[in-house]
Amino acid sequence: MHCVTCSAPVNIAVVKYWGKSDETLILPVNSSVSVTLHQDQLQAQTSVAVSNNFEKDRIWLNGQEQSIDNARIQNVIKEIKRRARKQKAGNRNDAAEKLNWKIHICSKNNFPTAAGLASSAAGYACLVYALKCLYQIDGDISTIARCGSGSACRSVYGGFVVWDKGQRQDGTDSMARQIQPHTHWPDLRVLILVVNEQKKHTGSTEGMQVTMETSELIKERIGSIPDKVEQISQAINNRDFKTFAEITMKDSNQMHACCLDTYPPISYLTDVSRRIIQLVHYYNKKSQEVKVAYTFDAGPNACLFLLKKDVQKVLHLVKHFFPPTRGEKDFIRGNTSELMETESNDIEDYESYFPCDPMADSLRYIIYTMSGPGPQELTSDQSLLGEDGFPRTSS
Ligand code: 2P0
């Protein structure tokens with residue numbers, strides 16, 4: 001049996017991907033830009049094993065066996081094997097005998113699915129990276145990850161990433177590239193405000209499909225993207241927080257405006273999300289400086305970008321206006337040890353920051369994180385599959 005175990009990160013788009021021109025190849029109607037988050041806080045882990053003794057291909061996700069006859073998983077496996085065979089033909093691959101063996105895949109996330117964070121991006125990036133290591137494939141794998149889930153192609157790289165929509169109909173140039181590593185902007189921080197909500201949302205695959213069919217506004221959006229991608233890339237290169245923050249907020253607002261312009265309308269934002277948006281704008285105005293940016297995906301959770309020096313104050317404000325009713329224990333998660341190092345600027349006049357009543361119990365918790373590196377290969381003792389090629393009991 002040959003087994004490889006890898007980990008891969010979550011990414012948050014600051015210029016969003018919303019709409020496809022090809023549903024099977026997963027080709028986007030616009031390019032997008034993202035920040036890869038640190039795996040210490042949010043990470044998918046996947047073990048892939050091949051053996052001459054396995055009877056059939058099998059997959060386990062978060063402890064449950066799933067059907068492997070899923071078109072996207074099949075596309076990813078097919079594409080990886082095609083690439084491996086091509087490289088074998090060039091005598092560059094000694095792992096080719098494994099290509100005919102059956103495969104076992106076991107994957108899990110280190111964060112609760114309830115957090116409502118896009119787990120498919122990290123999951124597919126991790127699967128593709130693990131298969132790349134197993135079959136010893138060279139070259140870019142973002143086009144293969146894209147066939148699993150569009151946003152997954154951006155999780156193949158760490159730091160700051162652009163997914164170029166590409167021009168070719170076969171999708172071979174619709175790929176991700178790193179514009180800067182995570183070390184480029186060391187004081188950039190991220191707070192994920194996980195909203196307390198049970199409601200099931202329209203999935204993003206379906207949501208973007210209906211938007212493309214019915215929204216007028218989406219055409220306007222698509223036309224405006226190339227300039228935005230250029231401007232935010234420059235802002236990232238220059239560590240220009242103001243421009244980065246403004247484009248991020250405006251792009252999130254525009255994506256959600258297109259969702260509302262969809263018929264029937266799709267609203268991912270809730271009253272709590274809108275209150276977070278207001279708080280950020282009040283705070284920036286009071287500071288006479290853009291200090292915080294928000295962005296929202298296909299759900300109500302807010303992702304805030306800010307600089308390390310402002311984290312304590314923003315956390316005070318968030319906790320004041322969105323207080324946990326079950327006490328502070330575990331309310332703030334992630335890189336909490338860093339909070340001890342920073343100043344705790346006390347606030348006395350909350351009302352002057354935001355003239356609103358607090359909304360108790362509206363946030364489930366907050367994750368404190370930052371940008372981080374791309375997928376990694378882990379050691380064999382971290383394998384989710386046992387010696388027999390089946391999930392370890394804890395996996
Ligand atoms: C993004 N989202 O750029 C946007 C913003 C959600 C809102 O990419 O159909 O799970 O698998 O390609 O990648 C989520 O969509 O959709 C997404 P598919 P995906 O991050």
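These are my notebook entries on a helix pair, a ligand site and two backbone details in a predicted model.

**Entry 1: the helix pair.** I began with helices H5 and H6, keeping in mind that two packed helices are described by the angle between their axes and the distance between the axes. I looked up both values and found that H5, residues 217-237, packs against H6, residues 241-260, at an angle of about 160 degrees, with the axes 10 Å apart. Because an angle over 145 degrees counts as roughly antiparallel, I noted H5 as roughly antiparallel to H6. The crossing of the two helices is left-handed. I then listed the residues that make the contact, and on the H5 side they include Leu217, Ile218, Arg221 and Ile225, while Phe244, Ile247, Asp251 and Met255 are among those on H6. Sorted by class, the contact has eleven nonpolar, five polar and three charged residues.

**Entry 2: the ligand.** Which residues are closest to the ligand? I counted 18 residues surrounding the ligand, and the closest are Tyr17, Lys20, Arg72, Ser149 and Ser151. I followed up with the polar atoms, and a polar side-chain atom of Tyr17 lies 2.6 Å from an oxygen atom of the ligand. For Lys20, I found a side-chain N or O atom 2.7 Å from a ligand oxygen atom. With Gly150 it is a polar backbone atom that lies 2.8 Å from an oxygen atom of the ligand.

**Entry 3: the backbone.** I reminded myself that most residues other than glycine have a negative phi, and that most peptide bonds are trans. Tyr263 and Pro264, however, are joined by a cis peptide bond, with omega about -5 degrees, and I placed Pro264 in the loop between H6 and helix H7. Gln288, although not a glycine, has a positive phi of about 55 degrees, and I found Gln288 in the loop between H7 and strand S13.

Notes
Residues numbered from 1 in each chain as written. Predicted model: local features only at pLDDT ≥ 70, side-chain atom pairs only at ≥ 80, totals over all residues. Heavy atoms only, no water. Axes fitted to C-alpha atoms, helices over the stretch in contact; angles between N-to-C directions. Helix = DSSP H or I, 4+ residues; strand = E, 2+ residues; numbered from the N terminus. Parallel < 35°, antiparallel > 145°, perpendicular 65-115°, else oblique. Left-handed = near helix turned anticlockwise from the far one by under 90°. Contact = heavy atoms within 4.5 Å. Nonpolar A, V, L, I, M, F, W, Y, C, P; charged D, E, K, R; others polar. Near = heavy atom within 4 Å. Polar contact = N/O pair within 3.5 Å; in protein donor to acceptor, adjacent residues only side chain to side chain.
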